[in-house]
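Visitor: Hello! I am new to this structure and would like a close look at a single part of it, with some help finding my way around.

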Amino acid sequence: MLDVRTLRNDLDAVVEALSRRHDPGIVAEVRQAAGLDVELRRLSTERDELRSRIRSISKDVGSLFREGKREEAEGLQAESRQLGADEKRLDGEVAALDEALRALLLVIPNVPHPDAPDGRSDADNPVLGGGGPDPDSYAEHQRVPHWEVGEALGILDSARAAKLSGAMFSLLRGGGATLSRALTQFGLDANADAFVEVRPPTLVSSETLTATGQLPKFADDAYHLERDDLWAIPTGEVPLTSMHRDEILDAAELPLRYMTATPCYRREAGSAGRDTRGMLRSHEFDKVEILAVTTAEQAPGVFEELLARAVASVDRLGLTWRTVDICTGDLGQSHHRSTDVEVFAPGADAWLEVSSVSWFGDYQARRANIRVRPDGGGGTALAHTLNGSALAVPRVWAALLEVYRQPDGTVAVPEPLWGYMRGMVAITG
RNA sequence: GGAGAGGUGCCGGAGUCCGGUCGAUCGGGCCUCCCUGCUAAGGAGGUGAUGGGGCAACCCAUCCGUGGGUUCGAAUCCCACCCUCUCCGCCA
């Protein structure tokens, strides 16, 4: 959520920044919010003045009664009753305005970072760099899509997954299941030097899902358990960010770094028919997430660190990777600046997004009310939050199946994973 | 799921029966200063958040789990809900 005060003090700058998202509706919402804010302050000042008078009259009533001046006190009571009626009416108006303003602020997206490249869609995202084998260097036997490789080896069973839960769920077995778990462990171990492992709840309250920005705007994308009013998390970012909700942190203890391996649940409401084959898009998948809570000053450096870590893991696995700078039109609602990491899947002949490293500025911290007390003491400031996938298990799993497919149809296990595979160095079905 | 106890400031803990001078006693912690070879002990003062206004000193409002209600006035009375703890039940 944006700071209303920036709308108040420099509306033009906010409008200019948000217009880079190339969505005219947003600008209209911002202007509307600025108008509500003016009205809200006018009315709440009026209300506060009334309250102040009521309080002072009430004090007088108390002392008059004690002095036995009953009649005088009753006169004041009548006056205060009158003021009370006005106060109640005004307070109702203020509450309604406040709610309207908050509702609007919750759907207005974050301002893009000045360095975020301008663009309208993912087609405009510039490639920043890359590594690993040349995408053209892959041999014929590696150009088989993972869903065929997996089904042939009997380690991916989409039919049975559909029997249990419907389309877009996956069921892994044997070496496929082990490989998936190995990737999770590998992703955690790669970051354990600097990140505290957390095993959070994966069913969370509406409040928690609002803090990170999924609610209210993207309710259709998440699974909701109505009876208990709980939501299945779409990413580990959700519980990790809310861990410090409504807390004031000491600047000296920042940055806080957390990592978590969780299942992620997504309804994929707008993606029916896209990537329906294999492991590329699924209602439930595993992911290792890394996250940091920082001061504003620390944020840019930590952003680079998270990105470097996301890249390091796929690079160690021997995959072809590239980083993509997310342009203003493709930036997520809460994102201030984002870089994606993609790996090349020679069988599917596609670049797969395996990580999105994002800096949220104070946008999430304002929703979540995560504050920082500066080193020398003094007033609090909002924290900055950043996160990224350290390892999105199914897509890396998919790329590995294709890249490491041998001419005989078996899949070699890359060396960094050997220790997690119970001695398996190849998946032979 | 059943029964009971409880949620107050950075922490502990009063206040709630009997509404007013209670943003809140007291203690601890923390900060500044004084005293003292150092440290400890001792003494004095200070110490919340949020919103609004003001160049500033400062002023106004809100906050005692949350939301309603009663009242001139609510931490205190009434209603609903949430959470924590203890015991019982159930259970990976």
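Visitor: In which loop does P255 lie?

Guide: Happy to help! Please keep in mind that this is a predicted model. P255 lies in the loop that runs between strand β6 (247-250) and strand β7 (256-265). A cis peptide bond joins L254 to P255, with omega about -5°.

A second cis bond can be found elsewhere in the chain, between L215 and P216, where omega is about 0°. P216 is placed in the loop between α8 and β4 (224-225). Helix α8 covers residues 206-211, and we will meet this helix again below.

Let us step back to see where these loops belong. Chain A has 429 residues, and 50% of them count as buried. Its secondary structure comes to 12 helices and 16 strands. Along the principal axes, the C-alpha atoms fill a box of roughly 100 × 45 × 45 Å. If you look at contacts with a separation of 6 or more, residues 24 or more positions apart account for 74% of them. The accessible surface is about 19,700 Å², and carbon and sulfur atoms make up 48% of that. The chain carries 47 positive and 67 negative charges, and the mean positions of the two sets are 4 Å apart.

Now for the inside. In soluble globular proteins, nonpolar side chains tend to be buried together. Here the largest nonpolar core has 55 residues, and those with the most contacts inside it are L179, L183, L319, V396, L400 and L417. Elements that give two or more residues to this core include the helices α5 (146-153), α7 (175-189), α10 (299-316) and α12 (393-403), along with the strands β8 (284-294), β10 (337-345), β11 (350-359) and β14 (384-392). A second, separate core has 33 residues, among them I26, L101, L105 and I108.

L400 is a good residue to click on in the largest core. Setting aside neighbours within four places in sequence, L400 is in contact with L179, L183, L317, L319, R405, V411, P414 and L417. Two of these partners, L179 and L183, are among the buried residues of α7. This helix is mostly covered, with 11 of its 15 residues buried. Besides the two leucines, the buried set includes G175, G176, T178, F186 and L188. The length of α7 can be checked too: at 1.5 Å a residue its 15 residues should span 21 Å, and its end C-alpha atoms are 20 Å apart, so the two agree.

Helix α4 invites a similar check. It runs over residues 70-107, and its 38 residues reach 54 Å from the first C-alpha to the last, close to the 56 Å expected at 1.5 Å a residue. Among its buried residues are A73, S80, L83, E87, L90, V94, L97 and L101. An α-helix has 3.6 residues a turn, so residues three or four places apart point the same way. The buried residues of α4 pack against α1 (4-9), α3 (24-66), α8 (206-211) and α11 (363-368).

Two single residues make a nice contrast in cover. T241 sits in helix α9 (residues 237-242). With a relative accessible area of 1%, T241 is buried, because the cut-off for buried is under 20%. Beyond its neighbours within four places in sequence, T241 is in contact with T212, L291, Q364, I370 and T385. E353, found in strand β11, counts as partly exposed at 36% relative accessibility. Not counting residues up to four places away in sequence, E353 touches D340, V341, E342 and R395. The C-alpha atoms of E353 and A392 are separated by 8.7 Å, although these residues are 39 apart along the chain.

To finish, here are two more loop residues with a backbone detail to look for. H22 is not a glycine, yet its phi is positive, at about 55°. H22 has its place in the loop between α2 (11-19) and α3, and is partly exposed, with a relative accessible area of 29%. N369, also a residue other than glycine, has a positive phi near 55°. You will find N369 in the loop between α11 and β12 (370-373), where it counts as partly exposed at 26% relative accessibility.

How values were computed
Residues numbered from 1 in each chain as written. Chains lettered and ligands numbered in written order. Predicted model: local features only at pLDDT ≥ 70, side-chain atom pairs only at ≥ 80, totals over all residues. Heavy atoms only, no water. Helix = DSSP H or I, 4+ residues; strand = E, 2+ residues; numbered from the N terminus. Buried < 20%, exposed > 50% of the residue type's maximum accessible area, 1.4 Å probe, protein only. Contact = heavy atoms within 4.5 Å. Areas by Shrake-Rupley, 256 points an atom, 1.4 Å probe, with all protein chains shown as cover. Lys, Arg positive; Asp, Glu negative; His and termini not counted. Charge placed at Lys NZ, Arg CZ, Asp CG, Glu CD. Core = buried A, V, L, I, M, F, W, Y, C linked by side-chain atoms within 4.5 Å. Expected span 1.5 Å × (residues − 1).
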